[in-house]
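Reader: I work at the bench and would like to learn how to read a structure feature by feature. Could we go through one together?

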Amino acid sequence: MNKALRPAVIAGNWKMNKTPEETGALIKEIAPLTENAACEVVVCVPFVDLHAALTATGGTSIKVGAQNCHFEASGAFTGEISAPMLKSIGVEYVIIGHSERRAYFGETDITVQKRTRAALDAGLTVIVCVGETLEQREQGITRELCALQSKIALQGVKSDELGRIVIAYEPVWAIGTGRTATADQAEEVCGWIRDTLAELYGRESADGVSIQYGGSMNAANAYELLSKPNVDGGLIGGASLKAKDFAEIVKATNR
Ligand code: PGA
């Protein structure tokens, strides 16, 4: 089974939620519930919570991620945080190109490519988000769009760096809406994304890349979504803020 060739990654995207104190408390709740996880467990927290998250995850197998990084290492970029800065404090993951950043903060395919490159150069693992809006789905351009977003993001990424790339398929219409893609819809697009990776790097390399589904994944629908052959993990928003729900999704990767 190809799924055995790649790690499942369940990542919580906490978005703009939780203070450092609340971060420590939530991780202390999550840690015992995910102790024997069959997958990689990641919490992607706001910048100010990174230190608290790193402290609270000490001695556990939970990894800490950020939700963005700038593409320059340092300089006159007021309000930004660089990839080497994240790496220097012990952060291992970073989410790049989340649809909220694309929609509200002027993120483009080109800046996603630049941030991905910078994050890889700093030694981070990158969760690259791609996905279509409802309008684009109805236009029938989901496949082309996700292929293009993936190809641009991965421009300049070498095949020996793919072990530090996770692709998150996040249909924009399913994020924070309570509306989930059906397991078949998720599988179809994750399969297309893998075909794109195969086009770029060959089938064997593509089979080694972990692809997540994101968009209202929760404790109730995770089992079905994660049972699909091309859906390896999840990028979880709302449900990642509830320890029990998040742990249930982690359990659903047991295969
Ligand atoms: P959601 O968010 O699970 O709350 O829909 C997913 C995401 O934005 O990564």
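**Pockets, barrel and helices**

Author: Let us begin with a pocket and the classes of residue around it, keeping in mind that this is a predicted model. The lining of the second largest pocket divides into five nonpolar, eleven polar and two charged residues, and the space inside that pocket comes to about 200 Å³.

Reader: Which residues lie nearest the centre of the second largest pocket?

Author: Of the 18 residues that line the second largest pocket, Gly176, Gly215, Ser216, Gly237 and Gly238 lie nearest its centre. Ser216 belongs to the loop between strand 7 (210-214) and helix 10 (222-226).

Reader: What is phi of serine 216 near, and how should I read such a value?

Author: The general idea is that most residues other than glycine have a negative phi. In this model, phi of serine 216 is near 55 degrees, which is a positive value in a residue other than glycine. Lysine 15 likewise has a positive phi, near 55 degrees, and is not a glycine; lysine 15 sits in the loop between strand 1 and helix 1 (20-33).

Reader: How many residues line the largest pocket, and which of them lie nearest its centre?

Author: The lining of the largest pocket is made of 22 residues, and Lys15, Met16, Gln67, Arg101 and Phe105 are the ones nearest its centre. About 520 Å³ of space lies in this largest pocket, and helix 4 (residues 99-104) gives the largest share of its lining, namely three residues. Sorted by class, that lining holds nine nonpolar, seven polar and six charged residues.

Reader: How do I read the sheet, and in which order do its strands run?

Author: For a sheet, one follows the order of the strands and then the sense of their pairing. Here eight strands form a closed barrel in the order 1-2-3-4-5-6-7-8, with parallel pairing, and neighbouring strands are turned against each other by 25 degrees on average, direction ignored. Strand 1 (residues 9-13) pairs with strand 8 (residues 233-236) in the parallel sense over three bridges, and isoleucine 10 has glycine 234 in strand 8 as its bridge partner. Helix 11 (residues 243-251) packs on this sheet, where it touches strand 1, strand 2 (40-44) and strand 8, and its direction makes about 160 degrees with that of strand 1.

Reader: At what angle do helix 5 and helix 7 pack, and what is that arrangement called?

Author: For a pair of helices, one reads the angle together with the distance between the axes. Helix 5 (residues 109-121) and helix 7 (residues 142-153) pack at an angle of about 40 degrees, with their axes 8 Å apart, and therefore helix 5 is oblique to helix 7. Asp109, Ile110, Val112, Gln113 and Thr116 of helix 5 make the contact with Gln149, Ile152 and Ala153 of helix 7, and the residues of this contact comprise four nonpolar, three polar and one charged.

Key:
Residues numbered from 1 in each chain as written. Predicted model: local features only at pLDDT ≥ 70, side-chain atom pairs only at ≥ 80, totals over all residues. Heavy atoms only, no water. Axes fitted to C-alpha atoms, helices over the stretch in contact; angles between N-to-C directions. Helix = DSSP H or I, 4+ residues; strand = E, 2+ residues; numbered from the N terminus. Parallel < 35°, antiparallel > 145°, perpendicular 65-115°, else oblique. Contact = heavy atoms within 4.5 Å. Nonpolar A, V, L, I, M, F, W, Y, C, P; charged D, E, K, R; others polar. Pairing = 2+ DSSP bridges. 1 Å grid on protein atoms, 1.4 Å probe; cavity = no way out; pocket = protein on both sides within 12 Å on 5 of 7 lines; lining within 4 Å. Points joined across faces, edges and corners; volume = space filled by probe spheres on them.
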